[in-house]
Amino acid sequence: MFKKIMKGGHRKPSKSDSTENYAFGPPGSHNPGSVVVNHASRPVLKAPEQNCSPSAPIAPPPLSTAAVEPLPLLRDVPVSERQSLFLRKLQICSYQLDFTNMLKTVREKEVKRRTLLELVDFFQSGSGKITEVCQEEMIKMVAINIFRCLPPASHENTGQEVTDPEEEETHLDPSWPHLQLVYELLLRYVVSSDTDTKVAKRYIDHSFVLKLIDLFDSEDPREREYLKTILHRIYGKFMVHRPFIRKAINNIFYRFIYETERYNGIGELLEILGSIINGFALPMKEEHKLFLARALIPLHKPKPVATYHHQLSYCVTQFVEKDYKLADTVIRGLLKYWPVTNCQKEVLFLGELEEVLEATQSAEFQRCMVPLFRQIARCLNSPHFQVSERALFFWNNEHIVGLIAQNRHVVLPLIFEALEKNILGHWNQAVHGLTVNVRKMFVEVDAELFEECRRQYEEKTAGAREVEDQREMTWKRLADVAGEREGGNLVAV
């Protein structure tokens, strides 16, 4: 009897216990033979059944062939039966299918795709008014499909060296044919005039929105584009979520700036913020000013800034256009994070600086012009011709030229030496020609000031030459004395 009991405790696994069943099971099903990889830049999403939030998806039953049989079209059944048929279709769309093997469950994938396509058409046709029960189940279905653990990036837990994000190969999700339709269905639901926000906010709650924002780290640009559109629409329609969305985006920026410097969706999030900032009411809240100082300006610091700089520059410029008094804060912030060795990044900063200066008034310009033109003088003398050329292009902007002309007594002495050095010795002919044009502009505006600056420059140059001559003479005398002592020692020997 004891031997029988022991044998029963170590039963040989049957075919029904194989790991294949888990490939199509609910998102929370666990495969004992699999390895779960946790990595820093992607938050680990909890299994839906463990989440107590009202929007948490309910896991579908295990996949069976009968469960994914094609159903009649919604328009072909009486109105009284449409709700139950709609719910059955949602159940079909809730099943998770394995897209790592395209030859597996081909029929089931096609049935699910056609069902999703019909649901999208149902909303798009204008007949998308559905009951609260159907709305709840539909959001659960959407959550089951889109909320998933993102695959690790190529540099994470793979043994490969960390590479430039611009050089990494783009990962395209193999399940996109289904994911796209799920995102399209969610978008149609959100933008539909039949969707009542008072009802919908019960299901599209803070938990749902937070998980949606976490998906912006997806490597698939198609998914990020849909996420951007959907989150923007949610922000516009659900006013109750607006502060929460801004705070969640803020937290992602903090983690990106100060911890990981790795996040795929920074550009898309900044695009959303650009539209949000454009709608800020005046006078601007202190909360928004702190967001500029603590999140947007420090976003200039990370190495991959080039991947999202266009969107970042637009957001920063929007702040200055909304409130011109913020120009001093922005310009000093740019100077704080100004690149030292990265010339391409320096060109980007100069372009953004020109846009900010276009929206800057005289009073704010005067507060920051001394450190600003010290940096511009360094750019004028840069051996990289694109940096020097981009700095000289400032004098093609009428508004900036006007600000410089009003404050020429401060600006010209700061950059005169840089202009003279370019004329005397810059290797690039285009930079040399632009420098000559800028020099002529100052002569035409105030010849007396220009002559005074030249006199001071010549005196400084002459003084520096004298100091150099004295240094050379001192070294020569030291060499002579050393030579005499050495010669005396040789005679004595």
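The legends below accompany an overview and several close-up views of a predicted model.

**Figure 1. Overview of the helical protein.** The predicted model contains 21 helices and 0 strands, and buried residues account for 44% of its 493 residues. Where contacts join residues at least 6 apart in sequence, 74% of them link residues at least 24 apart. The accessible surface amounts to about 26800 Å², with 54% of that area belonging to carbon and sulfur atoms.

**Figure 2. The bend in helix α16.** Helix α16 spans residues 362-380 and comprises 19 residues, yet its end C-alpha atoms are only 23 Å apart, whereas a straight helix at 1.5 Å a residue would reach 27 Å. A bend of about 60 degrees is centred at M369, and the proline P371 follows within four residues.

**Figure 3. The buried residues of α16 and their cover.** M369, where the helix bends, is itself one of the buried residues of α16, a set that also includes E364, F365, C368, L372 and F373. Further along the helix, Q375, I376, A377, C379 and L380 are buried as well. The elements that cover these residues include α14 (327-336) and α15 (343-358), together with α17 (385-392), α18 (398-406) and α19 (408-425).

**Figure 4. The largest cavity.** A search of the whole structure identifies 3 cavities of 30 Å³ or more, and the largest cavity encloses about 70 Å³ of space. This largest cavity is lined by 10 residues, of which L150, P151, H171, S218 and E219 are the closest to its centre.

**Figure 5. Two loop residues with positive phi.** T105, in the loop between α3 (79-93) and α4 (106-124), has a phi near 45 degrees, a positive value in a residue other than glycine. E261, which is not a glycine either, has a positive phi of about 55 degrees and is placed in the loop between α10 (242-260) and α11. T105 counts as buried because its relative accessibility is 17%, which is under the 20% cut-off, whereas E261 is partly exposed, with a relative accessible area of 27%.

**Figure 6. The cis peptide bond before P283.** The peptide bond that runs from L282 to P283 is cis, its omega lying near 0 degrees. P283 belongs to the loop between α11 (266-278) and α12 (286-296).

**Figure 7. E136 and I204.** E136 is part of helix α5, which covers residues 132-146, and is partly exposed, with a relative accessible area of 26%. Although E136 and I204 are 68 residues apart in sequence, their C-alpha atoms are 9.2 Å apart in space.

How values were computed: Residues are numbered from 1 along each chain as its sequence is written. This is a predicted model: local features need pLDDT of at least 70, side-chain atom pairs count only at pLDDT 80 or more; totals for chains, interfaces and linings use all residues. Side-chain values use heavy atoms; hydrogens and water are left out. The expected span of a helix is 1.5 Å times one less than its number of residues. The bend at a residue is the angle between axes fitted to the seven residues ending there and the seven starting there. Buried means under 20% relative accessible area, exposed over 50%, partly exposed in between (1.4 Å probe, protein chains only). Contact means heavy atoms within 4.5 Å. Accessible areas come from the Shrake-Rupley method with a 1.4 Å probe; for residues, only the protein chains shown count as cover. On a 1 Å grid over the protein atoms alone, a cavity is a set of points where a 1.4 Å probe fits but cannot get out, and a pocket is an open set with protein on both sides within 12 Å along at least five of seven lines; lining residues have an atom within 4 Å of a point. Grid points are joined across faces, edges and corners, and a volume is the space filled by probe spheres set on the points.
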